[in-house]
Amino acid sequence: MLTSPWFWIVLLGGAAVHRLLPARARVWFVALLSFGFLFGFASAGTGSGLAAFFGPQRVSLLVFLTWGALCWKLAPVARTRPGVRHALVLGLLAYLAYYKYVPAILGAMLSAGENGSSLVVPVGISYFTFKLIHFVVDLGRRGPAKGSAAEFIAFLFLFPAFTAGPIERFDHFIGNRQQVASRDQLVSGLTRILVGLAKKFAIVEFLVHDQVRGVDPFVLATNPVFGFLATWHYLIAWYVYVYLDFSAYTDIAIGSARLFGIEVMENFDWPIFAVNIGAFWKKWHMTLANWCQSYVYLPVIGLTRNPYMAVFATFLAIGLWHGASANWVLWGLYHGTGVATYLTYTRWQRKRRGPVRPVALASRSVADWSVAGVATAGTGLFVSAGFAFSATHVDGQVWQRVPVAFALLGKCLGLS
């Protein structure tokens, strides 16, 4: 999307028009501009007439517009009737499962060309589904939304944030939207966009891209020529690549939204400096982690009173968010195991030594800094090793790439 001149024309031209419009029209302008841009950017169909104009991706956007209208219309009823809220959530989850997971599973179980494998996954299905579930569930927790229908459509389809998030929350959206961008917002927004573009094209594409995209993980895993160091180099490069690429898109999304007077949520807080895996997940893809904490972890721990079950359920959801394959499920369980292990360690430490009090930066000794450095490096290596699962994921292959992932992990441990 960033390489399309239409994105920049719509973004900059739309921001200029937005400033000139009357205050009452601005939010509707953002809503219609966002949906119109996504609809125009989505792939058209084949054939002639309406079939050429409406393709599966464009139809999916109309379906999510319908889902949004349904959730908004039923909001007053869903607020007081849990059964309505549950029906909406289950309907959204069923729609997500039918299009994102059922085709992949059936495609793996049945021969090519059988039913199920030909379904086209709707564009942004996880992104829209999680936003709508947040809206519906929060009706029961916090009461009716205070925003308008135009703000809701703008929140749901905000086009700068569509490519890679963040997963905005409606209460945050309406609480951090100005009628028009201030001078400070314009300057910081354009600066943030330039930072994102520099990350994406000057660093990611120029320096890191070939080190990950130019390597076949199957060859790396099976060829004895590539050993311990080559495998670690590949996985660390993947970590750097994904972090810089993902955070670059986030920078551009946040900066672009500011041009319309909208402050969307941050998604990264320097996760590469996390000293443990628990801290890492407070800094990495924060909006997804917070969403899963609110709508998976807390409900599960409320039902089971078991933090470990809640942790694994949360990371299973995070893995499935990314893709319909055993690789992503194992990636989630890998990180869940890391967080559960760290949870056990902190519990043991509290029993042994009492609560751990943070030491001020100015008061830290050389030994403190050394321990923190080793902990940070260890966390980085643990996260990097997890990319053995995600880097080997291939769309349409549910479990066929799992042996490749474990072969890469074996090489990380020095095993042939």
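Begin by selecting Phe35, Phe39, Phe64, Trp67, Tyr95, Tyr98, Tyr99, Tyr127, Phe128, Phe157 and Phe162, which ring pairs link into a cluster. Keep in mind throughout the tour that this is a predicted model. With the cluster still displayed, colour the remaining aromatic side chains as well, since the structure holds 48 aromatic pairs.

From that set, pick out Phe7 and Phe159, whose ring centres lie 6.0 Å apart and whose planes stand at 75 degrees, so the pair is edge-to-face. If you colour by secondary structure, Phe7 falls in helix 1 (residues 5-20), while Phe159 falls in the loop between helix 8 (149-157) and helix 9 (170-175), so the pair ties together parts that are 152 residues apart in sequence. Both partners can then be checked with a surface turned on: Phe7 is buried, with a relative accessible area of 2%, and Phe159 is buried as well, at 1%.

Keep Phe7 selected and add Met1, Leu2, Pro160, Thr163, Tyr249 and Ile252, because together with Phe7 these residues line the largest cavity. The volume of this cavity is about 40 Å³, and the count of cavities of 30 Å³ or more comes to one. Colouring the lining by residue character gives six nonpolar residues, one polar residue and no charged residue.

Move next to Lys131 and Phe155 and show both side chains, where the charged end of Lys131 sits over the ring of Phe155, at 4.7 Å from the ring centre.

The cysteines make a suitable next selection. A search of the whole structure finds zero disulfides. Centre the view on Cys292, which is in no disulfide, and draw a distance to the nearest cysteine sulfur, that of Cys71, which is 18 Å away. A disulfide would require the two sulfur atoms to lie within 2.5 Å. Cys292 has a relative accessibility of 0% and therefore counts as buried. Selecting Cys412 afterwards shows another cysteine that counts as buried, in this case at 6% relative accessibility.

Two stops concern the backbone, and a display of phi values is useful for both. Select Trp270, in the loop between helix 12 (228-258) and helix 13 (277-280), where phi is near 50 degrees, a positive value in a residue other than glycine. The relative accessible area of Trp270 is 54%, so this residue is exposed, the threshold for that class being over 50%. Then follow the chain to His285, which lies in the loop between helix 13 and helix 14 (286-304). His285 is likewise not a glycine, yet has a positive phi of about 40 degrees. With a relative accessible area of 3%, His285 is buried, whereas Trp270 is exposed.

For the last stop, select Val219 in helix 11 (residues 217-222). Val219 has a relative accessibility of 35% and so counts as partly exposed. Add Lys146 to the selection and draw a line between the two C-alpha atoms: the residues are 73 apart along the chain, and their C-alpha atoms are separated by 55 Å.

Technical notes. Residues numbered from 1 in each chain as written. Predicted model: local features only at pLDDT ≥ 70, side-chain atom pairs only at ≥ 80, totals over all residues. Heavy atoms only, no water. Phe/Tyr/Trp six-rings, centres within 6.5 Å; stacked < 30°, edge-to-face > 60°. Helix = DSSP H or I, 4+ residues; strand = E, 2+ residues; numbered from the N terminus. Buried < 20%, exposed > 50% of the residue type's maximum accessible area, 1.4 Å probe, protein only. Lys NZ or Arg CZ within 6 Å of the ring centre and 35° of its normal. 1 Å grid on protein atoms, 1.4 Å probe; cavity = no way out; pocket = protein on both sides within 12 Å on 5 of 7 lines; lining within 4 Å. Points joined across faces, edges and corners; volume = space filled by probe spheres on them. Nonpolar A, V, L, I, M, F, W, Y, C, P; charged D, E, K, R; others polar.
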